[in-house]
Each structure stands twice: as C-alpha cells, then as structure tokens.
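This report describes the architecture of a single protein chain, from its overall make-up to selected helices and residues. Please consult the sequence and structure below while reading.

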Amino acid sequence: MTIITVRTVGHPAAAEAELRSLAAWLEQDRAVRRHVQGGLGSSLAPVPGQQGDGIDILSLVLSSGLSAASLAAAIAAWRSTRLPVPTLVVQRRDGVRVEISGHSQEEAEKLMRSLLDDGEEDGGSTA
C-alpha cells in the first residue's frame, strides 16, 4: 500500500474545486477505482474552537494491485480536460514529490510513473 497526497498550485479558492474534480474523475475510472481510496482534507492541523480550513489536499491510498501507469494516465487525462491546465504537486509519505506542470500529457504521465514506480512503502509496491 502506498499513500500519496495531491495538491494544486495557484489560487487557494480554486484548489477545492480542482481536487473535488480529480477525486470524481478517479472514482469514475474503472481501472483506478478498485485500487484507490481517496479523501479530501486540509493540510493544516485543526485549531480547537475554530471551524477549520478549506480543502487543499487529496489523499490517495493505493493498493498494490494498481499499476503506476494506470494512475498516471488517469491523472494526465484529467489534467487535459481542465482549462487552465492545473499544476499539481504529488508527494509520497516519505517526502519524495513531483510537480506536474505544462500541457504535455506524456510528461505528466512520465512524472507520475517515476514517483510511483520508485515508491515501495510499507512493504508494498505500486507496480
């Protein structure tokens, strides 16, 4: 099992909408949804007595049955539907991260695969 987080770069008000869209996209992808559990949340610790912060992070728990290529292709395909194309920061729990920017779907897939193929956490593999 591998855990990654996804954040958007840019205006904070747009982050929640983009992350909700990505979560819905992954849920609709048959090749991905069987192996990914997603959750939206805040990267900031809650403060007692306050309502909380906005959603700025999508956490994904990936099972070992998911191929890195499948998730990479799904995220790259989602980015290609967005205008403007969002920049994403994808990070593993061990701190390794990639920033996906630009318009090239191939480059986005390559970056995601490099992050996931290299990541063996908690005794599991994403490939």
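Of the 127 residues in the protein, 36% are buried. The model is a predicted one. Its exposed surface amounts to about 7000 Å², and carbon and sulfur atoms supply 50% of that area.

**Overall fold**

The secondary structure consists of 4 helices and 5 strands, and their order along the sequence is β-α-α-β-β-α-β-β-α. Among contacts with a separation of 6 or more, 63% are between residues 24 or more positions apart.

**Helix H3 and its packing against H4**

Helix H3 covers residues 68-80. Its 13 residues should span 18 Å at 1.5 Å a residue, and the end C-alpha atoms are indeed 18 Å apart, so expectation and model agree. The buried residues of H3 are Ala-68, Leu-71, Ala-72, Ala-74, Ile-75, Ala-76, Ala-77, Trp-78 and Arg-79. An α-helix has 3.6 residues a turn, so residues three or four places apart point the same way.

Helix H4 comprises residues 105-117, and its axis comes within 8 Å of the axis of H3, the two crossing at roughly 145 degrees. The crossing of H3 past H4 is right-handed. On the H3 side, the contact is formed by Ala-68, Ala-69, Leu-71, Ala-72, Ala-73, Ile-75, Ala-76, Ala-77, Arg-79 and Ser-80. On the H4 side, the contributing residues are Gln-105, Ala-108, Glu-109, Met-112, Arg-113, Leu-116 and Asp-117. By class, the residues of this contact comprise 11 nonpolar, 2 polar and 4 charged.

After H3 the chain enters a loop that leads to strand E4 (87-92), and Pro-84 lies in this loop. The peptide bond joining Leu-83 and Pro-84 is cis, with omega at about -10 degrees.

**Selected residues**

Three residues outside H3 and H4 are compared below by their relative accessible area.

| Residue | Relative accessible area | Class |
|---|---|---|
| Ser-21 | 19% | buried |
| Glu-16 | 30% | partly exposed |
| Ser-43 | 35% | partly exposed |

Ser-21 belongs to helix H1, which runs over residues 12-28. Because buried means under 20% relative accessible area, Ser-21 at 19% is classed as buried. Leaving aside neighbours within four places in sequence, Ser-21 is in contact with Trp-78 and Arg-82. Trp-78 is itself one of the buried residues of H3.

Glu-16 also lies in helix H1. Its relative accessibility of 30% makes it partly exposed. Although Glu-16 and Asp-56 are 40 residues apart along the chain, their C-alpha atoms are separated by 5.9 Å.

Ser-43 is located in the loop between strand E2 (36-41) and strand E3 (57-62). With 35% relative accessibility, Ser-43 counts as partly exposed. Not counting residues up to four places away in sequence, Ser-43 touches Arg-7, Asp-56 and Ile-57. Ser-43 and Gly-54 lie 11 residues apart in sequence, and the distance between their C-alpha atoms is 9.1 Å.

Asp-56 thus appears in two of these descriptions: Ser-43 touches it, and its C-alpha atom is 5.9 Å from that of Glu-16.

Note on methods: Residues numbered from 1 in each chain as written. Predicted model: local features only at pLDDT ≥ 70, side-chain atom pairs only at ≥ 80, totals over all residues. Heavy atoms only, no water. Expected span 1.5 Å × (residues − 1). Buried < 20%, exposed > 50% of the residue type's maximum accessible area, 1.4 Å probe, protein only. Contact = heavy atoms within 4.5 Å. Areas by Shrake-Rupley, 256 points an atom, 1.4 Å probe, with all protein chains shown as cover. Axes fitted to C-alpha atoms, helices over the stretch in contact; angles between N-to-C directions. Left-handed = near helix turned anticlockwise from the far one by under 90°. Nonpolar A, V, L, I, M, F, W, Y, C, P; charged D, E, K, R; others polar.
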